[in-house]
Structures are given as C-alpha cells and as structure tokens.
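Work through the exercises below with the sequence and the 3D structure at hand. Each task is followed by a solution in steps.

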4 protein chains.
Amino acid sequence: MTLDEKPTILSLERAETMIAAGFRKGGELGLKPLSIAVLDAGGHLLAFGRQDGSSIMRPQIAIAKASGALGLGVSSRTIGEMAGERPSFIAALHRLSPQGLLPAAGGLLVADSEGRLLGAIGVTGDTSDNDELCALAGVAEAGFTTPG
Amino acid sequence: MTLDEKPTILSLERAETMIAAGFRKGGELGLKPLSIAVLDAGGHLLAFGRQDGSSIMRPQIAIAKASGALGLGVSSRTIGEMAGERPSFIAALHRLSPQGLLPAAGGLLVADSEGRLLGAIGVTGDTSDNDELCALAGVAEAGFTTPG
Amino acid sequence: MTLDEKPTILSLERAETMIAAGFRKGGELGLKPLSIAVLDAGGHLLAFGRQDGSSIMRPQIAIAKASGALGLGVSSRTIGEMAGERPSFIAALHRLSPQGLLPAAGGLLVADSEGRLLGAIGVTGDTSDNDELCALAGVAEAGFTTPG
Amino acid sequence: MTLDEKPTILSLERAETMIAAGFRKGGELGLKPLSIAVLDAGGHLLAFGRQDGSSIMRPQIAIAKASGALGLGVSSRTIGEMAGERPSFIAALHRLSPQGLLPAAGGLLVADSEGRLLGAIGVTGDTSDNDELCALAGVAEAGFTTPG
C-alpha cells in the first residue's frame, strides 16, 4: 500500500510500512535475508524486523547504520566515504555513540516532503549497495524523502 | 487471527503476530502506549514495535525484560521476586548481560507446545501486571506456550 | 524577557532562556551554585551551563535528571518515588540508559501548550526541591509546560 | 563585546562569551549549524550550546575535541596528526578517557595571558578547519590565549 498523502510524523504505522517495503524489495531483488531498523529523530528504536536466517548481529548493525546517519546528519554511505578519507576520525566516533555507527551504505536519513528530519532507516543482510536499495524503497513507500 | 497449528519455530511472521496481539490487548484494556520486543532463543532481537507516545527508554526496557528471562530461564516476574529475596545476586547480573535484565513482570519465555524454548517476549509501558497480560496475549495468539 | 507567544519548538534560544531563568530563580532564592541542562526530545544535549562553584559531577547529574525523565516519560521526582517503591526496578534501568537516570526532583519534561513533548530540563546544585523550583521557572519563562 | 581586561579565571560568563563568539564567527563564514562545548581545566563541562539543525552526536564530538586536548595537553589538530603517525597509540587512548578524544581540528586549549591552563573549547559541525576558526574566535573574544 502506497500512502499517498505527505506524512509529517514518523509513526509506528509508517515505520512498519517502511520495513515491509524494504523486505518486499529484497524479495524482488532475490537478496539474502535482511534486518531492518527504523529509528526516530533522537535515535531511539521505533520498529525492527529480522527475516528468518538473518544472522544474530544484524540487529546491532541495522541500528548502527541508522544511528550513525542521525549522529552525523548524513547517510551511512557518506560515513563510509569519510572512513576511507579520515579513518581515525570515524574510529574515534565509535565510542562516543551509544549505538555505534556503521561506515557502509544501507542507512538513510528520513525526512518529510519539506526536508524536516524525522528519523532514519538501517538495512543490512546483503551487499551494502543492495541494502541501500531496500532502505530507499522503504523511504519512498511511506511517502518520505531522504536528505542529500 | 489465531494460528491454530502448533508452530515449532519462532519466525519473524510469528514474532510480528505476537507484537500485534500484544498491542491489541493493550488497546482492549485501555493501557498506555506500549513497546514490545521479541527475541530468539539466543537473546537476539527478532522484531520490535514502539507505539506512538511510548517513551524513549522503552526499547531497552522491553528487550531487557525478555533478555533477562532468557538469561535465567524464568519470567521477568520471577526475576523481580528474586531481586526482593537476593538483591545483590540480581544486582551483580546487570553487568554480566549485554542487554541487561529487568526485575519486573512483562517478560515471558516463549516455547512450543512441547515446551521447547524458542525465545522470549518483553512488554513495557503500563504497570508490570498489565504489561504481562499483553505478553501472554502475544504468546497465546501465535500458538506458543510459556514455561512455568 | 518573557516570550509571550506559544512556542512549539525547543530551539537553542529557548533552551538558553530556560537556563538563564533557572539561574535567576536560584539567585532570587539564595541557592547554591547550580548546573542546568536542557535536552531535546531524543535526550540529546541542547544547552548547558554550570555556575562558578558548582561541583564537577554536576554536568552528569543535571543531564541524568533530564534524561531519566525522558526515558520513562515522567518527572525525576516521580522516578524518585518509584525508586522508593521498587528499588530493584530503578536500579536495573541505570545500565540501560546511556546517560543514566536520577531518582530525585529537579528534572522535568518540557512540552508545548498542546502537551506535545519537546524535551526536558535538569537542574542540580541545591536541594532537590529547590532544584525543581528552578526547573519550573525555566519551563515557564520560555512559554512551555511540563506534563503531569 | 570584547572583554578587554586579561581574565585569569574561566567563569561561566566567559564560557558563554566564547560560545556566542564561536557561533557568530560561524554565521559570518556561512558555516553549517555548530555545537560548541567549553570545559574547565579538569575536563568537566562548563557550558554548551547546539545550534538548531546540528546533529545529535555533536554534543559528544564537541566535548571529545576539548577533552582530548586537555587529556594530552595539545590541540585536537595535533592529536589528529599524532593519529596519522601513531594510530595504535591514539586508538588505545579512546578507552582510557571517559569522554573520549577526537583526532581532528576544532578543539583548543584555553589559557590566560600568562599561559596558565584554564580549560578547553571544542567546536564541531562544519569542516574541522572551519570548526577551529570558530574555536579561535571564541578564545580571542574572551581575552584568552591558546598554547602552542
């Protein structure tokens, strides 16, 4: 179900819509089992799902992809690029963030149609590029945008 | 939807059924907004939902109720009783468990109809007794049992 | 300066207004040097001030009063009452919250005039009752309310 | 307002002057929203401000830039250079410091006109070089110097 209005709040219902859309995209692309976390703007878990066969550290990885995006205000893909250019800077941040951050694609900021930050989504389980496609599918399905 | 077969696996679908049933029970009882976590037998998050208005530390509390139950093999209500009788024992466990444990009702072990342990559910947001009613509703709806 | 409109956003300017008002109230009441923290709804520090002579652990205490209020959705005074009734429950929460929680008055939730949660303020340095008076002064000065 | 005497104490008032000057410099340079922390000589937070739109991990980063400077007695820019030359040395320090350290420019020691150490300032939000310009503006505005 595509929700066609322009939501301004990241409710539990929207978060579940995002996760379902991410899993559906993973199925369409034939990806490995995924784990998907949706966090509110403060970095606190709203909803999470781990598909059967997705390994046991995936909850932390999905959360860290989303948490790092919120922590620095950029996608986890950008954090991955920063880690390549300035490894000691990103290394230092791991201890400063209660939920960590993950320097690899698959974590996206979530904003409303006006660009107001509402939270973040983190996907893990396949390649980082494929994870990010599923995160994007979740953002789009719920009527949100991702900054940058 | 009550699933009438006797499931022997705690799949993501079952975990989501448990969470939905817990929220529905909370609505029927007129409870405050709830957060519900379902963990696999290894203590790793399978699914989670936080209702709109449920406060920001609820994810950790829901997970800790379920995690503590798995850690000691009893309900979080029993852990609460142990904390009354042997406070220093329970206090010592906090540091030993990465996800903590919560000495209050609302966390239940989840087993199949033969009593084989499959995971745990943790509910938080209202009184501990009410949280536990919602956890029980989730266990029953998905066709599982809770030991003890 | 009392800002007489009804703000719906907890901006840095509002947070600084709250801190200044809390310090002014402390001066009027002849209190000891205070430390005041204002957090956003996600528990992240917006503004902080420690008066000359306020001791070195006060930053953490002020933040923990506000953080605990947000974590459980009640004032830190209520958390203090919970700690009296259910000590092992509150003890268990310390490890689950990255910034801790403080079971003593002086931490208040901050909401707009419609009751929408915007953040929290934590004051420490004098007695808990006096700390809370300064927190209340900060909330009122900025045009906010405190739930409950 | 430039305070033209030569202060020998890092008071809350001076700390607030430093933060305001840092924000003003950021505005003049058209930088992204900033977060600025001022710590006393013992590494304990004196004052902090996070501009609207500055992301949620910025408090920890600003504090870590200042904390690391105090911890090693050099600017966070120098710590960045040390991290390039001796990565395992700096990596080892992360666990030893409760507030961490950040190997990137933007954290400066704060001293009086005689070079006596009074504390540190940490700025984050834009590039590290720009962050440092704002930290320098804060130091100068309050009548302090930065060693080295």
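A strand here is a DSSP run of E with at least two residues, and strands are numbered from the N terminus. The model is predicted.

**Exercise 1.** Find the element that holds C:Arg50, decide whether C:Arg50 is buried or exposed, and list what C:Arg50 touches.

Solution.
- Step 1. Strand 2 of chain C runs over residues 45-50, and C:Arg50 belongs to this strand.
- Step 2. The relative accessible area of C:Arg50 is 4%. Buried means under 20%, so C:Arg50 is buried.
- Step 3. Leaving out residues up to four places away in sequence, the contacts of C:Arg50 within chain C are C:Phe23, C:Leu34, C:Ser35, C:Ser55, C:Ile56, C:Arg58 and C:Pro59.
- Step 4. C:Arg50 also touches D:Leu12, D:Asp40, D:His44, D:Leu45 and D:Leu46 in chain D.
- Step 5. For D:Leu45 there is a distance to add: a polar atom of the C:Arg50 side chain lies 2.7 Å from the backbone oxygen of D:Leu45.

**Exercise 2.** Determine how chain C is laid on chain B.

Solution.
- Step 1. A turn of 86° with a shift of 0.7 Å along the axis lays chain C on chain B, and the RMSD is 0.1 Å.
- Step 2. The two copies are therefore related as by a four-fold rotation axis.

**Exercise 3.** Describe the contact between chain C and chain B, starting with the residues that each chain gives.

Solution.
- Step 1. Chain C gives 17 residues and chain B gives 19 residues.
- Step 2. About 1300 Å² is buried between chain C and chain B, and carbon and sulfur atoms give 66% of this area.
- Step 3. The rule finds 0 salt bridges across this interface, while 7 residue pairs, both at pLDDT 80 or more, are in polar contact.
- Step 4. On the side of chain C that touches chain B, helix 2 (58-72) and helix 4 (87-94) are the elements that give two or more residues. The largest share, 4 residues, comes from helix 4 of chain C.
- Step 5. Sorted by class, this side of chain C has 9 nonpolar, 6 polar and 2 charged residues.

**Exercise 4.** Place A:Gly80 in its element and find what A:Gly80 touches.

Solution.
- Step 1. A:Gly80 is part of helix 3 of chain A, residues 76-85.
- Step 2. Not counting residues up to four places away in sequence, A:Gly80 touches A:Pro103 and A:Ala104.
- Step 3. A:Leu102 is 22 residues from A:Gly80 along the chain, and their C-alpha atoms are separated by 7.5 Å.

How values were computed. Residues are numbered from 1 along each chain as its sequence is written. Chains are lettered from A and ligands numbered from 1 in the order in which they are written. This is a predicted model: local features need pLDDT of at least 70, side-chain atom pairs count only at pLDDT 80 or more; totals for chains, interfaces and linings use all residues. Side-chain values use heavy atoms; hydrogens and water are left out. Contact means heavy atoms within 4.5 Å. Copies are superposed by least squares on the C-alpha atoms of residues with pLDDT of at least 70 in both. Buried area is the accessible area (1.4 Å probe) that two parts lose on being put together, summed over both. A salt bridge is a side-chain nitrogen of Lys or Arg within 4 Å of a carboxyl oxygen of Asp or Glu. A polar contact is a pair of N or O atoms within 3.5 Å; within protein, one must be able to donate a hydrogen and the other to accept it, and residues adjacent in sequence count only if both atoms are side-chain atoms. Ala, Val, Leu, Ile, Met, Phe, Trp, Tyr, Cys and Pro count as nonpolar, Asp, Glu, Lys and Arg as charged, and the others, Gly among them, as polar. Buried means under 20% relative accessible area, exposed over 50%, partly exposed in between (1.4 Å probe, protein chains only).
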